[in-house]
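Welcome! Please open the structure below and work through the exercises with it, trying each task before you read its solution.

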Amino acid sequence: MESINTLKGYDKVSDQENQIPPSPLPEPPSSPRKTLIIATVTIVSLLLILALTAGAFTRPPSPTVSSNSSLNTVCAVTPYPQTCFDALSSSLKESDPESILELSLRIASEKASALSTSFRSIDDMPGEPAVKDCAKLYADAGSQMNESLSEIVTEKEKEKGGGNWMTEKVVGDVKTWISAAMTDGETCSDGLEEMGTVVGNEIKKEMVMMNQMMSVCLAIVSEMKKLLVVLH
């Protein structure tokens with residue numbers, strides 16, 4: 001009986017012994033396509049960051065910013081810096097002082113001619129000879145400013161080989177013409193006041209702008225040598 005029990009003991013295996021430990025589930029293999037996409041996005045992002053960083057240090061200054069800076073410097077030597085900047089900024093192509101001077105003379109000449117036209121448009125006012133005088137005076141002022149510009153352009157063409165166009169004679173001529181144009185503007189204002197002539201607000205604004213622009217031109221040509229040194 002003991003022998004049978006012993007055999008039975010060998011025949012029966014406990015539940016704990018009969019259990020086989022489960023094998024860990026294998027991790028799903030990562031998709032090659034997903035890995036490639038992640039790597040590509042990472043590389044592109046790094047290259048973009050590097051490009052933006054390098055650009056911040058190597059990008060040249062904006063031409064507009066540079067031109068405005070030069071224009072501010074030139075206008076600062078004039079008695080009407082804001083008028084100077086407002087009148088020239090939208091038309092400025094070259095930022096050197098000589099080009100700014102030429103532009104200021106050209107715009108002043110155009111404004112004088114426009115003002116002469118404005119006075120001619122009201123020349124039918126009876127008993128107002130001052131209006132006719134002003135039309136002639138500002139036409140003359142426009143011619144004087146244009147003569148100044150022509151003198152500078154002509155001398156610059158002569159000295160293209162490297163000479164200095166700013167001789168004492170040329171500067172003196174330009175200043176004389178601008179001063180004569182300013183006198184024309186003052187004569188017009190005095191004549192209107194003496195005759196008690198009333199003109200419209202638009203013409204008054206044009207007169208103020210024109211007279212200020214002539215002062216701007218005179219100041220720039222007077223300070224040209226200093227400006228060339230500062231903005232060289």
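pLDDT is the predictor's confidence in each residue, from 0 to 100. You will need that idea straight away, as this is a predicted model.

**Exercise 1. Confidence**

Task: Find the mean pLDDT of the protein, then find which element has the lowest mean pLDDT and which has the highest.

Solution:
- Step 1. Begin with the whole protein: the average pLDDT is 80, and 69% of the residues score at least 70.
- Step 2. Now go element by element. Helix α1 (residues 2-11) has the lowest mean pLDDT, 41, while α5 has the highest, 96.
- Step 3. Look at the start of the chain. Residues 1-18 have a pLDDT below 50, and this stretch has 1 contact in the model beyond near neighbours in sequence.
- Step 4. Move on to residues 56-63. The pLDDT stays under 50 there as well, and the model shows 0 contacts for this stretch beyond four places in sequence.

**Exercise 2. The overall picture**

Task: Work out how many helices and how many strands the protein has, and what share of its residues is buried.

Solution:
- Step 1. Count the elements: there are 10 helices and 0 strands. Along the sequence this reads α-α-α-α-α-α-α-α-α-α.
- Step 2. Turn to burial. The protein has 232 residues, and 33% of them count as buried.
- Step 3. Consider the surface. About 15,300 Å² is exposed, with 58% supplied by carbon and sulfur atoms.
- Step 4. Ask how far apart contacting residues are in sequence. Of the contacts between residues at least 6 apart, 74% join residues at least 24 apart.

**Exercise 3. The nonpolar core**

Task: Find how many residues the largest nonpolar core has, and which of them have the most contacts inside it.

Solution:
- Step 1. The largest nonpolar core has 51 residues, and those with the most contacts inside it are L88, F119, M145 and I178.
- Step 2. Trace where the core comes from. The elements giving two or more residues to it include α4 (63-75), α6 (97-121), α7 (129-158) and α8 (168-195).
- Step 3. Zoom in on I178. Leaving out residues up to four places away in sequence, I178 touches L105, M145, S148, M214, C217, L218 and V221.

**Exercise 4. Two residues to judge**

Task: Decide whether A87 and S215 are buried or exposed, and list what each one touches.

Solution:
- Step 1. Recall the cut-off: buried means under 20% relative accessible area.
- Step 2. A87, found in helix α5 (residues 81-88), has 14% relative accessibility and therefore counts as buried.
- Step 3. Not counting residues up to four places away in sequence, A87 touches I107 and M213. A87 and M213 are 126 residues apart along the chain, but their C-alpha atoms are separated by 8.3 Å.
- Step 4. S215 lies in helix α9 (residues 201-222). Its relative accessible area is 15%, so S215 is buried.
- Step 5. With neighbours within four places set aside, S215 is in contact with P79, Y80 and M182.

**Exercise 5. An aromatic pair**

Task: The structure holds 1 aromatic pair. Explain why the rings of F119 and Y138 count as stacked or as edge-to-face.

Solution:
- Step 1. The ring centres of F119 and Y138 are 6.1 Å apart, and their planes meet at 5 degrees.
- Step 2. Planes under 30 degrees apart count as stacked, so the pair of F119 and Y138 is stacked.
- Step 3. F119 is in helix α6 and Y138 in helix α7, so the pair ties together parts 19 residues apart in sequence.
- Step 4. Check burial too: F119 and Y138 are both buried.

**Exercise 6. Cysteines**

Task: Find how many disulfides the structure holds, and explain why C217 has no bond to C84.

Solution:
- Step 1. There are 2 disulfides. One joins C75 to C84, with an S to S distance of 2.0 Å, and is left-handed at -70 degrees about the S-S bond. Both C75 and C84 are buried.
- Step 2. Another disulfide joins C134 to C188, also with S to S 2.0 Å, and is right-handed at 105 degrees. The pair links distant parts of the chain, since C134 is in helix α7 and C188 in helix α8, 54 residues apart.
- Step 3. For C217, the closest cysteine sulfur is that of C84, 8.4 Å away, which is too far for a bond.
- Step 4. At 0% relative accessibility, C217 counts as buried.

Conventions
Residues are numbered from 1 along each chain as its sequence is written. This is a predicted model: local features need pLDDT of at least 70, side-chain atom pairs count only at pLDDT 80 or more; totals for chains, interfaces and linings use all residues. Side-chain values use heavy atoms; hydrogens and water are left out. Helices (H or I, at least four residues) and strands (E, at least two) are DSSP runs, numbered from the N terminus. Buried means under 20% relative accessible area, exposed over 50%, partly exposed in between (1.4 Å probe, protein chains only). Contact means heavy atoms within 4.5 Å. Accessible areas come from the Shrake-Rupley method with a 1.4 Å probe; for residues, only the protein chains shown count as cover. A nonpolar core is a set of buried Ala, Val, Leu, Ile, Met, Phe, Trp, Tyr and Cys residues joined through side-chain atoms within 4.5 Å. Rings of Phe, Tyr and Trp (its six-membered ring) pair if their centres lie within 6.5 Å; planes under 30 degrees apart count as stacked, over 60 as edge-to-face and the rest as tilted. A disulfide is a pair of cysteine sulfur atoms within 2.5 Å.
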